[in-house]
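Student: Let us go through this model by question and answer. Please put the structure up.

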Amino acid sequence: MSSQAAPVVVGYDGSSASRSALRWATAEAIREHAPLRIAEVFEVAVMTRPSPGTVVPLAALRTAREQGLEALAESIRLQHPHLKVETVLVEGLPAASLLEQTEQARMVVLGSRGLGGWTGLLLGSVAVQVSTHAHCPIVVVPADVRPRMHDKPTIVVGVDGSKTSAKAVEFAFDQAEEHNAKVVAVHAWTSPYSTYTSGEGDLLFNRAQVEEAGRLLVSESLAGAATEHPDVEHEVRLITGQPARALLIAAESADLVVVGSRGRGGFTGLLLGSVSQSVLHHAHCPVAIVR
């Protein structure tokens, strides 16, 4: 599928977080002149013991869900007549279903917490599978996302010199151009600091040398994207301490935080350990995960 035709896909389940994700995805699709695809998972619960109430035939249940999705899509079409809105009711396990959608999407947008099939997406094995194997960026939108009060939108990107960090930088600058935003590149460091010179982890203990090495790393990491997007304003922040804290501090005034799915140095294991939980659970702005 060409990038022009690739949709912005949003996982929807009716929860407040998925509604926030839908609003964010709709605005993104309009900005990028891309189709919007609303995806809902259709899981059948198997009861091991009798349950009171009326049993609804599976076909009727599916039809009702499809009609609900179409009604939602139609309400968006009425508000945005020039936006192409698609719906898909996905059967199967959430991780596999969502990964299939990433093969066709320019990005997949999800609420931070959901109901039904998207439940636990960011808390368990599904998160690991999606972040590890997704074919497009994943954007996680919190239910309490709120607009920032500043003159220009701000996109924060975590930089550590890794290949996925480079992808994150590219995505951040692309988004900044679309949103007329500025990029804030955040690099976290602790002492001693590894320079990764020639693929080897040489250690520095002198603070001045550490800061200069970090600034050089960020400068080299931004060079390509900054050249491709000369009109995008950007700045560098070197923050002493743990990467989760550094990103969360920057996220307090950000409209979007962008991170690579796997990094090195300060951002190692971002989606597999405490850093990911801290950023995704505590950031009050959307978080984009790029691999």
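The turns below cover the sheet, its helices and its salt bridges.

Tutor: Note that this is a predicted model.

Student: What is the order of the strands in the open sheet?

Tutor: The sheet has 10 strands, and their pairing is mixed. The order is E3-E2-E1-E4-E5-E12-E11-E6-E7-E10.

Student: Which strands stand at the edges?

Tutor: An edge strand has a single partner strand, so one of its sides is left without a neighbour in the sheet. From one strand to the next, the twist averages 25 degrees. The edge strands are E3 (85–91) and E10 (234–240).

Student: In E10, which residue is the bridge partner of His187?

Tutor: Strand E7 covers residues 182–189. E7 and E10 run parallel, joined by 7 bridges. The partner of His187 in E10 is Leu238.

Student: What angle does the direction of helix H5 make with that of E11?

Tutor: Helix H5, residues 163–179, packs on the sheet. Strands it touches include E4, E6, E7 and E10. E11 (256–260) is also touched, and the angle between the directions of H5 and E11 is about 155 degrees.

Student: How many residues apart in sequence are Lys182 and Glu235?

Tutor: The two form a salt bridge, with the closest N and O atoms 3.6 Å apart. Glu235 is partly exposed, at 28% relative accessibility. Lys182 lies in strand E7 and Glu235 in strand E10, so the pair ties together parts whose separation in sequence is 53 residues.

Student: Which strands does the salt bridge of Arg37 and Glu86 tie together?

Tutor: The side chains of Arg37 and Glu86 meet at 2.9 Å, N to O. The pair is 49 residues apart in sequence. Arg37 lies in one strand and Glu86 in another, so the bridge ties together E2 and E3.

Student: Which residue is linked with Arg37 and Glu86 in a network of salt bridges?

Tutor: A search of the whole structure finds 12 salt bridges. Some of them form a network that holds Arg37 and Glu86. The other residue linked there is Lys84.

Student: Is Glu40 buried or exposed?

Tutor: Glu40 forms a salt bridge with Arg65, the closest N and O atoms being 2.8 Å apart. This pair links distant parts of the chain, Glu40 in strand E2 and Arg65 in helix H2. Arg65 is partly exposed, with a relative accessible area of 25%. Glu40 has 12% relative accessibility, and the cut-off is under 20%, so Glu40 counts as buried.

Key: Residues are numbered from 1 along each chain as its sequence is written. This is a predicted model: local features need pLDDT of at least 70, side-chain atom pairs count only at pLDDT 80 or more; totals for chains, interfaces and linings use all residues. Side-chain values use heavy atoms; hydrogens and water are left out. Two strands pair if DSSP finds at least two bridges between them. Helices (H or I, at least four residues) and strands (E, at least two) are DSSP runs, numbered from the N terminus. Axes are lines fitted to C-alpha atoms, for helices over the stretch in contact, and angles run from 0 to 180 degrees between N-to-C directions. Contact means heavy atoms within 4.5 Å. A salt bridge is a side-chain nitrogen of Lys or Arg within 4 Å of a carboxyl oxygen of Asp or Glu. Buried means under 20% relative accessible area, exposed over 50%, partly exposed in between (1.4 Å probe, protein chains only).
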